[in-house]
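Work through the exercises below with the sequence and the model side by side. Try each task before reading its solution.

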Amino acid sequence: MKTPGTTQAKAGTRQAAVKNKPVAAGKLLTVIGGVEVEVEVVRKRIRRLNLYVLPPDGRVRISAPQRSGDGAILAFIQSKEFWIQRQIDAVRSKPRPPEPQYVTGEVHLLWGAPLRLEERWAESPAPASAPAAAPTPASKGRRPKVWAEARGEALLLYAPKGSPRELREAAVDRWYRRELLAALPALIETWQEVIGVRANEVRVRNMRTRWGTCSIRPRRVWINIALAQAPPECLEYIVVHELAHLIEPSHNSRFKALMDRYLPDWRVRRKRLNEMNKIYK
Ligand SMILES: [Zn+2]
């Protein structure tokens, strides 16, 4: 479909001509509330158009059927202009959770339980549990400068005074990764047995928008490191969910029946997980 050069705003609203033009594949420019806005277009095997206004900055995304043309998409966006404007305002005015600074007194979650961060200065040597760096000529046997580990209800952060936030964050991320990797194998083993499937590979990484993913062909499961912050039953839910995809790739009724069969309270666990969304960076 040909993209219209200009689109007249609806009667009774703004009278100004609104310029709509395609920018590049996957992006369209339009005007919302008098401001030029870039809309992300994702074409999928779906039947209808779906609009999203995403936190924290109010990005606009639309998912569209594969064959729909830019013109139809832009017309749809324009028909929802005031709804989009309201959503953008709502999303942007929502207070964001403060960025963690990794300093004493901050609370970090482990398996749903709060731990109080306590800094230990460089004077205190890294604990024996910190592994020595790989024995390269430059770093022979040295322990990492910044290191995090839980003790009781404390999260101890060993860091030289004034060490940059990124190094502290990386140390805490490594600690979450260790915690997750310690919990995963037993869960995977148990649930592969119960469901009767085998993944070739289960790996962990930070993901912004997903708790887990499953690549069907290579039979590879990815688990979000942030799950170490959620109650353990949430990690179990994601493990079962991703393994069930090895039987049924989509979220159809067959998939839900599998979930009902293996984890009858999966909806409760999913809800608990969605309440954790604030942890996303
Ligand atoms: Zn899924």
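The exercises cover two sheets, the helices that pack on them, and one further helix.

The model is predicted, so local features need pLDDT of at least 70 and side-chain atom pairs count only at pLDDT 80 or more, while totals for chains, interfaces and linings use all residues. Residues are numbered from 1 along each chain as its sequence is written.

**Exercise 1. State the strand order of the four-strand sheet and find its edges.**

Step 1. Helices (H or I, at least four residues) and strands (E, at least two) are DSSP runs, numbered from the N terminus. Two strands pair if DSSP finds at least two bridges between them.

Step 2. The order is β8-β9-β11-β10, in an open sheet with mixed pairing.

Step 3. β8 (107–110) and β10 (147–151) each have a single partner strand, so one side of each has no neighbour in the sheet and they stand at the edges.

Step 4. From one strand to the next, the twist averages 35 degrees.

**Exercise 2. Describe how β10 pairs with β11, and which helix packs on this sheet.**

Step 1. β10 and β11 (residues 154–158) run antiparallel and are joined by five bridges. Within this pairing, W147 is opposite Y158 of β11.

Step 2. Helix α3 (residues 165–195) packs on the sheet and touches β8, β10 and β11. Contact here means that the C-beta atoms of two residues, placed from the backbone, lie within 7 Å.

Step 3. The direction of α3 makes about 50 degrees with that of β10. Axes are lines fitted to C-alpha atoms, for helices over the stretch in contact, and angles run from 0 to 180 degrees between N-to-C directions.

**Exercise 3. Lay out the sheet of three strands.**

Step 1. This open sheet has the order β12-β14-β13 and mixed pairing. β12 (201–205) and β13 (212–215) are the edge strands, each with a single partner, so one side of each is left without a neighbour in the sheet.

Step 2. β12 pairs with β14 in the parallel sense over five bridges, and V204 stands opposite I223 in β14.

Step 3. β13 and β14 (residues 220–224) are antiparallel, with four bridges. The bridge partner of C214 is V221, and that of S215 is R220.

Step 4. Four residues separate β13 from β14 in a hairpin, and R219 in the turn has a positive phi of about 50 degrees.

**Exercise 4. Work out how α3 and α4 are placed relative to each other.**

Step 1. α3 lies across β12 and β14, at about 155 degrees to β12. Helix α4 (residues 232–244) packs on this sheet too, touching β13 and β14, and its direction makes about 20 degrees with that of β13.

Step 2. The axes of α3 and α4 come within 10 Å and cross at roughly 45 degrees. Angles under 35 degrees count as roughly parallel, over 145 as roughly antiparallel, 65 to 115 as roughly perpendicular and the rest as oblique. The two helices α3 and α4 are therefore oblique to each other.

Step 3. The residues of α3 that meet α4 include L187, W191 and I195; on the α4 side they include L235, V239 and L243.

**Exercise 5. Which residues of α1 are buried?**

Step 1. A residue is buried if 20 or more other C-beta atoms lie within 10 Å of its own, exposed if 12 or fewer, and partly exposed in between, with C-beta atoms placed from the backbone.

Step 2. In α1 (residues 70–79), I73, L74, I77 and Q78 are buried.
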